[in-house]
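Trainee: Could we go through this structure together? I would like to set each label against its definition.
Mentor: Gladly, ask away.

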Amino acid sequence: MNRFLARIFSASTLLAQLLKDEIVDFETKINEVIKDKFTSLQSAVQWKFNKEAWTYLQQLEEGKPRPIIGDIKFEQVYPLYGAVDIRNSTIERNKAVYQDMVVHLELLEKLLVRLKDLHSIVILDEMIFNCRRWLQEINEEMMDSFQIQVNEFFNQNVPEVLTYFTEYSKEAHTLINGYEKAVHPIEGIVYKNRNILENSIQLINSGISGYLELFDKELQSSYPCYFEKFRSDGVEYDIYIGQSIAPNKKFNEIYLKNIRLWQLTSMAAIGKITHSLLEQMGKHLLTTQLIFVNANLIDINFRTDEHRFDVEGSYNIRYQIIKRRIDKVTLKGTSERLTQPGKIAIVYFTKNDEKEYLGYIQYLQKNGTLLDDLEELELEELQGVKGLQALRVGINFTSYEAID
């Protein structure tokens with residue numbers, strides 16, 4: 001009897017190991033399908049991808065010739081959109097390129113003149129002429145057209161001549177070495193202004209992204225939602241929340257109100273963070289904060305070609321169109337842009353949304369987060385979009401209390 005029990009125990013241990021190996025193998029296959037067909041996922045929506053990956057593996061095991069990954073769709077979700085933009089980033093970038101290009105042309109002109117003293121060839125006269133002509137004509141407003149021709153000159157014509165002179169004499173070689181150090185993309189003086197600007201932008205984006213990661217953790221602890229951010233000159237983000245994202249947890253609109261208040265509070269915090277970074281920036285840059293309130297539920301679908309969620313249906317596409325256009329919207333009858341540094345702009349359609357956000361703003365004004373300078377504004381019509389209204393309020397940089 002004891003021998004029999006010993007055999008059973010030995011077999012059960014082996015069986016347990018086999019089952020464990022099968023489970024690990026199964027999970028590996030599921031994750032491989034998800035990574036191949038989708039992308040890295042958030043826990044709030046992982047269950048849906050697991051379900052579709054499992055169906056896909058079943059089709060493979062059944063020997064179906066063309067297994068199909070089903071649509072990953074979440075219906076009737078509330079969208080929340082926010083954007084923190086670096087004001088005049090394009091203008092500042094053109095300015096930095098202009099300043100660096102002037103330095104580059106002056107540096108190159110001096111080099112060519114000195115090379116001509118060593119060995120005068122006709123091509124040098126033409127290149128010196130071009131440098132001087134561009135220095136006279138170049139300006140910030142026309143940088144796009146100038147960049148193409150001048151960069152072609154820098155990248156094609158100049159290297160050919162410098163290679164010739166490098167082989168010509170040691171003195172020329174020394175001069176050219178100095179020029180090449182100056183045009184090094186990271187350490188060279190020719191990239192000084194662009195690098196200062198990009199470092200300042202990177203500092204802002206890192207500060208925003210770091211805070212948004214904390215913001216996302218707070219959101220998930222309340223009710224599972226999908227959070228996705230996009231980096232450019234600043235950071236944009238989408239949040240989707242609703243019953244279809246978390247079918248096992250009953251959705252209540254109190255979660256939506258909670259997330260809206262959190263979003264407004266986080267925008268104030270981000271505005272203060274970016275303002276506090278000014279002293280660390282080589283180039284002082286200011287940010288604007290924008291929230292778009294969409295009163296209607298929408299459907300979203302995962303696009304496997306872009307590895308991201310997008311809106312579903314013609315009516316919902318209107319939401320995306322508005323998102324892309326409102327950052328440049330102006331106040332009705334003026335040329336003043338809605339978004340302004342140090343302020344939060346909230347764009348909406350309905351009186352109900354206005355009433356809801358007025359309550360949040362009053363609360364945040366009372367606790368010192370926002371200034372007592374609220375504006376209720378009408379906006380110019382966007383192409384195909386009428387009836388947009390906005391609230392705009394300043395961020396209190398001297399006092400801030402986070403919401404628990």
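Mentor: Let us start with a pocket: helix 3, helix 5 (143-168) and helix 6 (170-182) each supply at least two residues of the lining of the second largest pocket. Helices here are DSSP runs of H or I with at least four residues, strands are runs of E with at least two, and both are numbered from the N terminus. Please keep in mind that this is a predicted model, where local features need pLDDT of at least 70, side-chain atom pairs count only at pLDDT 80 or more, and totals for chains, interfaces and linings use all residues. Residues are numbered from 1 along each chain as its sequence is written, and side-chain values use heavy atoms, leaving out hydrogens and water.

Trainee: Which helix gives the most to that lining?
Mentor: Helix 5 does, with eight residues. By class, the lining of the second largest pocket has 10 nonpolar, five polar and three charged residues. Ala, Val, Leu, Ile, Met, Phe, Trp, Tyr, Cys and Pro count as nonpolar, Asp, Glu, Lys and Arg as charged, and the others, Gly among them, as polar.

Trainee: What makes a space a pocket, and what makes it a cavity?
Mentor: Both are sought on a 1 Å grid over the protein atoms alone: in a cavity a 1.4 Å probe fits but cannot get out, while a pocket is an open set with protein on both sides within 12 Å along at least five of seven lines, and lining residues have an atom within 4 Å of a point. Grid points are joined across faces, edges and corners, and a volume is the space filled by probe spheres set on the points. The second largest pocket has a volume of about 300 Å³, and the largest pocket about 370 Å³.

Trainee: How many cavities of 30 Å³ or more does the search find?
Mentor: One, in the whole structure. The largest cavity holds about 40 Å³ of space. Helix 8 gives the most to its lining, with four residues, and that lining divides into seven nonpolar, two polar and no charged residues.

Trainee: Why is the pair of Arg194 and Asp100 called a salt bridge?
Mentor: The rule asks for a side-chain nitrogen of Lys or Arg within 4 Å of a carboxyl oxygen of Asp or Glu. In this pair the closest N and O atoms are 3.0 Å apart, so it qualifies. Arg194 lies in helix 7 and Asp100 in helix 3, so the pair ties together parts that are 94 residues apart in sequence.

Trainee: Why is Asp100 called buried, and Arg194 partly exposed?
Mentor: Buried means under 20% relative accessible area, exposed over 50%, and partly exposed in between (1.4 Å probe, protein chains only). Asp100 is at 0%, so it counts as buried. Arg194 has 22%, so it is partly exposed.

Trainee: How does the pair of Glu198 and Arg93 look by those rules?
Mentor: Their closest N and O atoms are 2.8 Å apart, which makes a salt bridge. Glu198 counts as partly exposed at 35% relative accessibility, and Arg93 counts as partly exposed at 25%.

Trainee: How do you know that helix 10 has close to its expected span?
Mentor: The expected span is 1.5 Å times one less than the number of residues. Helix 10 (residues 351-366) has 16 residues, with 22 Å expected, and reaches 23 Å from its first C-alpha to its last, which is close. Gly368 follows helix 10, with a positive phi near 85°.
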